[in-house]
Amino acid sequence: MKDKIGIFSFFAGAGFLDLGFETTAGFETVFVNENHAPFMDIYKGAREKLGINLPIFGHHLRDIEKFSHPELLKKLKFDINSAKDTYRLTGFIGGPPCPDFSVGGKNKGQEGENGRLSGTYIKLICETRPDFFLFENVKGLWRTKKHRQFYETLKEQLIQNDYLLTERLINSIEYGAPQDRDRIILIGFHKSFLKTNHYDHNGTSFLWNFDWNVARHYDAKKLFGLSWPGLEPFEAHSNKPIPENLPKELTVEFWFKRNDGVIHPNKDMYFKPNLDKPEPNRNNFVTFLYGIIDNNP
C-alpha cells in the first residue's frame with residue numbers, strides 16, 4: 001500500500017473530516033480516536049453502510065489526554081512506525097473542541113476544559129512525529145488577541161520539533177459548502193519527510209509553495225457581495241425558486257435534492273424551530289441557507 005497515505009484521526013466525531021480524506025483518492029483512515037461513545041457509534045455505523053474499511057489500528061474510545069500514559073504512548077508510536085512501513089506517508093488530522101476559543105462560546109481559552117485539548121493534540125504530534133498533520137479550529141483562536149498568543153506558542157512547539165508549517169483562515173463556502181463558516185487550518189510536514197522526498201522548503205520554517213487554491217472554487221468576498229434573499233415568514237410546503245445570479249450549488253435545496261433528502265431513513269429527525277420566537281439578528285445569507293427550503297410533501 002505504498003501508494004496510499006495512512007490517516008490517524010483524533011477528535012473524530014461522526015467522521016465528516018475523515019470522510020473528506022477517504023473520498024479523496026489515496027487516503028485511508030487507519031486509526032480513530034473519539035471520546036464520546038454516541039459519536040463513535042455513528043462513525044462505525046456510517047462507515048459500515050458506506051463500505052469503508054475498518055481502521056487497521058482500531059477505534060479508540062478515550063480522552064486524547066490518556067495517550068500521554070507511557071503504555072498508550074508507546075503503542076501509538078509503534079502503530080505509527082508500522083504505518084510508515086506500510087504507507088507512503090502517515091499523518092494526523094484533528095479539530096480539537098473549540099467552545100473555549102469561539103467568539104460566541106465560553107471564551108475560557110487554553111485554561112478551559114476543551115481549550116487545553118489543542119495543546120494536548122500538538123504535544124502528541126511532537127512526541128510521535130507523524131510525517132504531516134492537520135489542525136483545525138475556529139477563527140477566534142487566530143483572531144482574538146489572547147487566544148492568538150496561545151496559538152503562536154503551539155506553532156513554536158511544532159517548529160522546534162522540526163515541522164514546517166503553512167496556515168490559512170478559510171471559509172467553507174469558498175470550497176463549495178453551502179454555509180458561512182470560517183476556520184483556521186494549520187498544516188505541517190516534518191523535515192525528515194521533506195528531506196527524504198527531496199522537497200525544497202526554501203530554508204524557512206514555513207512551506208512557501210503550498211497551494212491553498214487547488215480546490216478553492218469561489219471568492220468569499222465576491223459571494224457575500226451578491227444579492228441574497230432577506231428574511232421571510234416561514235411557509236410549510238413552500239416551493240421557492242432559486243434566485244437568479246446566485247450559484248445554485250450553494251443552496252440547501254440543491255444538496256437536499258442531490259442527496260434525496262425526502263427518502264433518507266432519518267429524514268424526520270431534525271431540530272424543530274420555535275416559530276413563535278424567531279431569532280432577531282440572523283444574517284440574510286444564513287437565513288437563505290437554512291430557511292428557504294422546498295419541503296417536498
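**Group meeting: a cavity, a strand and a tyrosine**

Okay, so Glu22, Glu28, Thr29, Tyr43, Arg47, Ile52, Asn53 and Pro55 line the second largest cavity. A cavity here is a set of points, on a 1 Å grid over the protein atoms alone, where a 1.4 Å probe fits but cannot get out, and lining residues have an atom within 4 Å of a point. Strand 2 (27-34) and helix 2 (37-50) are the elements that give two or more residues to that lining. Helices (H or I, at least four residues) and strands (E, at least two) are DSSP runs, numbered from the N terminus.

Quick housekeeping: this is a predicted model, where local features need pLDDT of at least 70 and side-chain atom pairs count only at pLDDT 80 or more, while totals for chains, interfaces and linings use all residues. Residues are numbered from 1 along each chain as its sequence is written, and side-chain values use heavy atoms, with hydrogens and water left out.

Back to the cavity. The structure holds two of 30 Å³ or more, and the second largest has about 40 Å³ of space; a volume is the space filled by probe spheres set on the points, with grid points joined across faces, edges and corners. Its lining divides into three nonpolar, two polar and three charged residues. For that split, Ala, Val, Leu, Ile, Met, Phe, Trp, Tyr, Cys and Pro count as nonpolar, Asp, Glu, Lys and Arg as charged, and the others, Gly among them, as polar.

Now, strand 2. Seven of its eight residues are buried, so strand 2 is largely enclosed by the rest of the structure. Buried means under 20% relative accessible area (1.4 Å probe, protein chains only).

Who are its partners? Strand 1 (residues 5-10) runs parallel to strand 2, joined by five bridges, and Ser9 stands opposite Val32. Strand 3 (residues 59-61) is also parallel to strand 2, with three bridges, and there Glu34 faces Leu61. The pairing rule is at least two DSSP bridges between two strands.

The chain crosses from strand 2 through helix 2 to strand 3 in a right-handed β-α-β crossover. Strand 1, helix 1 (residues 16-22) and strand 2 make a right-handed unit as well. Right-handed means that, with the strands pointing away from the viewer, the path from the first strand over the helix to the second runs clockwise.

Last stop: Tyr121, in helix 4 (residues 116-128). Tyr121 is buried, at 0% relative accessible area. Beyond four places in sequence, its contacts (heavy atoms within 4.5 Å) include Phe10, Phe11, Ile64 and Leu134.

Conventions. On a 1 Å grid over the protein atoms alone, a cavity is a set of points where a 1.4 Å probe fits but cannot get out, and a pocket is an open set with protein on both sides within 12 Å along at least five of seven lines; lining residues have an atom within 4 Å of a point. Buried means under 20% relative accessible area, exposed over 50%, partly exposed in between (1.4 Å probe, protein chains only).
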